[in-house]
Every structure is written in structure tokens, then in C-alpha cells.
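Please open the structure in your viewer and keep the selection tool at hand. The tour below goes from one selection to the next and says what is to be found at each.

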Amino acid sequence: MTLYQYFLYYKREFFGSWTGIASHISLYKSTRLYSPDRIALLSVWILPAVSVFWFARKKDDRGIAPLGRYAAALIAGAMQFASAVGGFYSRGYLGGFQSRYYICVIAAFGLSIARMFEKGLTDSRGQSDGRLPDYRRKLLFVVVIVFVLLLFYENFIYFLLNFTGYLT
């Protein structure tokens with residue numbers, strides 16, 4: 001494989017293990033990358049970046065911490081990729097792509113996402129005193145509920161529906 005081909009392989013396997021179960025048995029989701037079975041779990045990687053740019057646009061200093069957390073996760077990911085590439089080219093090893101190493105950043109990413117949604121409920125002066133348009137508050141509420149339900153479905157319910165052979 002060329003470096004680009006290996007990168008595509010690595011990306012597919014990394015996000016496959018992020019949305020599926022990779023253990024002594026592999027229970028990967030066979031759907032497309034951006035399907036309702038995976039989109040919310042994958043957006044946990046994208047929404048913190050949106051949060052960083054949201055705070056930068058609003059000139060809010062509270063965007064520094066999410067930026068640091070996100071940058072640290074990306075640097076760790078780049079180091080993991082470099083290690084995996086080295087293992088592939090020196091030994092032919094096709095592993096080293098496990099996303100389980102990033103479980104520790106889920107809480108930080110979740111806080112960044114929640115802070116972004118909270119910021120969406122405030123006006124340009126940072127006030128949430130009810131002067132926001134009602135449609136904006138309702139729309140954001142629906143988006144958050146759908147996001148949470150998708151996360152619940154993509155983890156627990158999806159497993160119960162599709163991998164019943166492993167439950168007994």
C-alpha cells in the first residue's frame with residue numbers, strides 16, 4: 001500500500017472501531033460512514049472543532065480549553081498514525097488503529113459540545129434572559145434531543161438489535 005492507501009485503510013478501521021466493538025470478537029457496523037447508525041458517534045469528533053470555532057467567532061476566552069483538548073487529541077492521533085505506519089512498513093503489521101485509547105477524551109469532547117449548545121441559547125451579549133427568538137430555542141432543543149437519542153440508539157439499542165447472537 002502507498003501512504004495514501006494506508007491512510008484510507010487506517011481511517012476506515014479507526015472510525016470502525018470508534019463506532020463498533022473491537023475486541024476478541026469484532027462487531028463492526030456494516031453501514032456507510034455517515035449513516036444514522038454512526039453519524040452521532042462520529043460527530044463527537046467533529047462538534048468539538050465546531051465548538052472551538054464558535055467560541056473564536058464570538059470572541060469568547062472559554063474556547064481556549066476546548067481548543068487545547070481538541071489539539072491534544074489530534075496530536076495523539078497523529079502520533080498513533082505515525083506509529084501504525086511505522087509498524088506497517090517495517091513489519092507488515094495492520095493493527096495499531098484502536099480508538100479505545102481516546103475514551104478519556106469523550107468527557108472533554110462532551111463538555112465542549114454541551115458548552116457550544118449552551119452558547120447557542122445566549123444572545124450576542126451572552127445573556128440567556130428569554131429575549132432570544134422562541135424558534136431558535138425550540139430548534140436547538142430538538143437538535144439536542146435528536147443528538148442524544150441517536151447516541152443512545154447507536155450504542156445500546158443498535159447492539160441489542162443487530163448482535164443478538166452474542167447476548168446468550
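**A tour by selection**

Begin by selecting Tyr10 together with its surroundings: leaving aside neighbours within four places in sequence, Tyr10 is in contact with Gly77, Gln80, Phe81, Ala84, Gly96 and Phe97. Please keep in mind throughout that this is a predicted model.

Next, widen the selection to helix H1, residues 3–19, whose 17 residues reach 24 Å from the first C-alpha to the last, close to the 24 Å expected at 1.5 Å a residue. Colour the buried residues of H1, which are Tyr6, Tyr9, Tyr10, Glu13, Phe14, Gly16, Ser17, Trp18 and Thr19.

While still on this helix, show the side chains of Arg12 and Glu13, which meet in a salt bridge at 3.5 Å, N to O; the structure holds one salt bridge. Which of the two partners is buried, and which is exposed? Arg12 counts as exposed because its relative accessibility is 51%, and exposed means over 50%, whereas Glu13 is buried, with a relative accessible area of 17%.

Now select the largest nonpolar core, which has 27 residues, and look for Tyr6, Tyr10, Trp18, Trp45, Tyr102, Phe109 and Phe147, the members that touch the most others. At least two residues of this core come from each of H1, helix H2 (39–57), helix H3 (64–91), helix H4 (106–120) and helix H5 (134–162). Which helix gives the most to this core? That helix is H2, with seven residues.

Move on to Gln98, in the loop between H3 and H4. Gln98 counts as buried because its relative accessibility is 17%, and the cut-off for buried is under 20%. Not counting residues up to four places away in sequence, Gln98 touches Phe14, Ser17, Ala22 and Gln80; among these, Phe14 and Ser17 are buried residues of H1, and Gln80 is also a contact of Tyr10.

From that loop, continue into H4, which has 15 residues and reaches 21 Å from its first C-alpha to its last, close to the 21 Å expected at 1.5 Å a residue. The buried residues of H4 are Ala108, Phe109, Ser112, Ile113, Arg115, Met116, Phe117, Lys119 and Gly120.

Finally, turn to the surface and select Phe141, Val142, Ile145, Val146 and Leu149, which make a nonpolar patch of about 470 Å². Within this group, pick out Val146, which lies in helix H5 and counts as partly exposed at 42% relative accessibility.

How values were computed: Residues numbered from 1 in each chain as written. Predicted model: local features only at pLDDT ≥ 70, side-chain atom pairs only at ≥ 80, totals over all residues. Heavy atoms only, no water. Helix = DSSP H or I, 4+ residues; strand = E, 2+ residues; numbered from the N terminus. Expected span 1.5 Å × (residues − 1). Buried < 20%, exposed > 50% of the residue type's maximum accessible area, 1.4 Å probe, protein only. Core = buried A, V, L, I, M, F, W, Y, C linked by side-chain atoms within 4.5 Å. Contact = heavy atoms within 4.5 Å. Patch = residues over 30% accessible without salt bridge, like charges linked within 9 Å, V, L, I, M, F, W, Y side chains within 5 Å. Areas by Shrake-Rupley, 256 points an atom, 1.4 Å probe, with all protein chains shown as cover. Salt bridge = Lys/Arg side-chain N within 4 Å of Asp/Glu carboxyl O.
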